[in-house]
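Reader: I would like a close look at one part of this model. Please keep it brisk.

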Amino acid sequence: DEIPGFRERVVTPLGKYLGNLITRLAPAAWSVALERKLVTAGKGRVWTAQGYAVFWAIVVLVVIVIAIKYVYGRPDLAPVQLVMVMILFTALGAALPWIMLRIMAQKRQKLITKQLPEVLDLLCVSVQAGLSFDAALRRMGEGMDGPLIEECTRMLEDVRMGLPRRQALRMMGERCEVQEVALFVTAIIQAERLGTSLGKTLNNQAINMRERRRQAVKAEAMKAPVKMIFPLVLFIFPSVFVIVLLPALLNMMKNFIK
């Protein structure tokens with residue numbers, strides 16, 4: 001048998017111990033929110049809440065060390081300023097891992113929203129061609145990739161493990177935390193419960209999602225002029241004023257000097 005390395009003997013057990021200690025000391029709501037955000041970011045199977053808590057603590061310690069070095073090189077700072085610098089650096093170190101996790105979750109949710117209309121169209125065509133809902137999802141999982149396909153594949157794995165399809169669909173909607181996915185899941189569950197045509201339901205959902213996507217694009221386009229105001233005021237207008245007014249100002253100065 002192979003002798004366990006330093007990582008297996010020391011690093012991994014120490015990390016698990018520290019992670020369990022941090023999660024026990026932290027509020028229960030914080031641990032639940034962290035686990036939920038990891039799942040939404042698609043890292044639920046890669047990172048545990050305990051492991052990410054250890055990473056969080058390391059980031060905070062590193063930032064505190066940087067703050068101490070900064071303060072040590074600034075003897076001119078008053079005690080109140082030293083305390084404020086340490087508080088600001090600690091708050092920054094505590095916020096960075098959460099901000100990073102939120103950015104990953106938001107990026108994944110945008111990809112899911114972008115991929116959903118295409119997936120619905122393919123599901124509708126496959127079901128109308130005679131495939132079952134699970135077979136259509138399985139076929140898409142073989143030929144496509146993306147966060148939504150990963151969630152559908154995981155849902156099929158849950159069904160194969162014995163979980164009812166309705167519960168597996170609800171869990172998929174909770175993991176994604178996307179309103180469009182929640183609507184899609186609710187429509188599929190209702191169609192299965194009431195015995196209505198799944199192909200017709202998928203077709204209606206595809207039309208609805210395309211319309212929602214079109215409205216979202218229009219809303220973003222309407223926001224563009226507002227977003228352009230700040231670059232115009234800060235960069236374009238000053239350059240235009242310099243180009244237009246500078247020659248006139250120079251001529252006025254020459255005439256005034258004469």
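In which helix is Ile-103 found?

Author: Ile-103 sits in helix α4. This is a predicted model, so local features need pLDDT of at least 70 and side-chain atom pairs count only at pLDDT 80 or more, while totals for chains, interfaces and linings use all residues. Residues are numbered from 1 along each chain as its sequence is written, and side-chain values use heavy atoms, leaving out hydrogens and water. Helices (H or I, at least four residues) are DSSP runs numbered from the N terminus.

Ile-103 counts as exposed, at 52% relative accessibility. Exposed means over 50% relative accessible area, buried under 20%, partly exposed in between (1.4 Å probe, protein chains only). Ile-103 and Ala-41 are 62 residues apart in sequence, yet their C-alpha atoms are 8.4 Å apart in space.

Helix α4 also feeds the largest nonpolar core. Such a core is a set of buried Ala, Val, Leu, Ile, Met, Phe, Trp, Tyr and Cys residues joined through side-chain atoms within 4.5 Å. This one has 30 residues, and Leu-123, Met-172, Val-181 and Phe-184 touch the most other members. At least two residues come from each of α4 (79–128), α5 (133–143), α6 (147–160), α7, α8 (179–194) and α9 (198–257). The largest share, 7 residues, is from α4. Apart from this core lies another of 9 residues, including Leu-34, Ala-49, Val-60 and Ala-105.

Take Met-172 from the largest core. Beyond neighbours within four places in sequence, Met-172 is in contact (heavy atoms within 4.5 Å) with Glu-151, Cys-152, Met-155, Val-181, Phe-184 and Val-185.
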